[in-house]
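Please look over the sequence and the three-dimensional model before reading on. The report below takes up the contacts with DNA, and then turns to the interior of the protein.

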Amino acid sequence: MLLKKEIFKKDAVELARFLLGREIQYNNCRGIIVETEAYKSDPASHAYKITPRSRIMLDSYGKWYIYFVYGMFFCLNITTNEGEPGAVLIRAVQPIDGIEAMEKRRKTTELLNLCSGPGKLCTAFGITKGLNGTDLNEKIFLRHCNKLGKFEIGKSSRIGISSGKELEWRFFVKNSPFVSKVK
DNA sequence: TACTGGATTCACT
DNA sequence: GTGAATCCAGTAA
């Protein structure tokens, strides 16, 4: 069952937890989300200072926000809103379908290394900036899924914190070998 | 118009 | 553990 756009009219941190274990699909590739990171209006976030690029977070919820970093990688976020602009970064995915295509794009056959990072999963799925601003379930789909069964949620401090506070806004599926290797 | 640095990854030591 | 690869949004002038 597809996730409804209305669900994203909520707090980014709550949604980051909620998205774990859901299925993501683009073209013929599918995977289960195993790691997410919440971004709200704090100094480390694009939502802190709204610019033409990040305006989508202010104006919408349930839209894909995709941007380019370090000259070579894309990051996939979904916008959230409960009065305050925010987004959830999809950091890692467990591949289930379209693995051959992912291997080709990622130039590796190591299953654990296909989607275990924000840049990696965009490369594996073939997601680029062209999809920025598209609606949920327009091209990239999110579904309810129970393939993981019951799982424990781990949390840790967000990477790239600049507010000084240790915000525990990074969530992952405990014991999953598919999460990113970043500390 | 010109500079700066990043929500990363990979190859190398 | 360190540094290179590489583009473009944001900022300052």
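## Contacts with the DNA backbone

In this predicted model, a polar backbone atom of Pro118 lies 3.2 Å from a phosphate oxygen of DNA strand B, and a polar backbone atom of Gly119 lies 2.8 Å from a phosphate oxygen of that strand. A side chain takes part as well, since an N or O atom of Tyr39 is placed 3.3 Å from a sugar or linking oxygen of DNA strand B.

The elements that give two or more residues to the surface near DNA strand B are β4 (73-81), β5 (85-97) and α4 (118-125). Of the elements, α4 gives the most, with three residues.

## The surface near DNA strand B

DNA strand B is surrounded by 14 residues, and the closest of them are Tyr67, Phe73, Asn77, Arg106 and Gly119. By character, the residues of this surface divide into seven nonpolar, four polar and three charged.

Which parts of DNA strand B lie within 4 Å of the protein? Of the atoms of the strand within that distance, 45% belong to sugar or phosphate, while the rest belong to bases.

## The nonpolar cores

In soluble globular proteins, nonpolar side chains tend to be buried together. Here the largest nonpolar core has 42 residues, and those with the most contacts inside it are Trp64, Leu76, Phe125 and Leu142. Helix α1 (residues 12-19) supplies the largest share of this core, namely five residues. Apart from this core lies another, of nine residues, among them Ala47, Ile56, Tyr67 and Leu89.

Leu76 can serve as an example of the contacts made by a member of the largest core. Leaving aside residues up to four places away in sequence, the residues that Leu76 touches include Ile24, Trp64, Tyr65 and Ile66, together with Val88, Leu89 and Ile90, and also Leu121, Cys122, Ile127 and Ile140.

## A buried glutamate

Is Glu23 buried or exposed? Glu23, which lies in strand β1 (residues 23-26), has a relative accessible area of 5%, and because the limit for a buried residue is under 20%, Glu23 counts as buried.

The side chain of Glu23 makes a polar contact with the side chain of Arg30, at 3.1 Å. Beyond residues up to four places away in sequence, Glu23 touches Arg30, Gly31 and Ile32, as well as Ile96, Phe141, Leu142, Arg143, Cys145 and Lys147. One of these neighbours, Leu142, is also among the residues with the most contacts inside the largest nonpolar core.

Methods
Residues are numbered from 1 along each chain as its sequence is written. Chains are lettered from A and ligands numbered from 1 in the order in which they are written. This is a predicted model: local features need pLDDT of at least 70, side-chain atom pairs count only at pLDDT 80 or more; totals for chains, interfaces and linings use all residues. Side-chain values use heavy atoms; hydrogens and water are left out. A nonpolar core is a set of buried Ala, Val, Leu, Ile, Met, Phe, Trp, Tyr and Cys residues joined through side-chain atoms within 4.5 Å. Buried means under 20% relative accessible area, exposed over 50%, partly exposed in between (1.4 Å probe, protein chains only). Helices (H or I, at least four residues) and strands (E, at least two) are DSSP runs, numbered from the N terminus. Contact means heavy atoms within 4.5 Å. A polar contact is a pair of N or O atoms within 3.5 Å; within protein, one must be able to donate a hydrogen and the other to accept it, and residues adjacent in sequence count only if both atoms are side-chain atoms. A residue is near a molecule or strand if one of its heavy atoms lies within 4 Å of it. Ala, Val, Leu, Ile, Met, Phe, Trp, Tyr, Cys and Pro count as nonpolar, Asp, Glu, Lys and Arg as charged, and the others, Gly among them, as polar.
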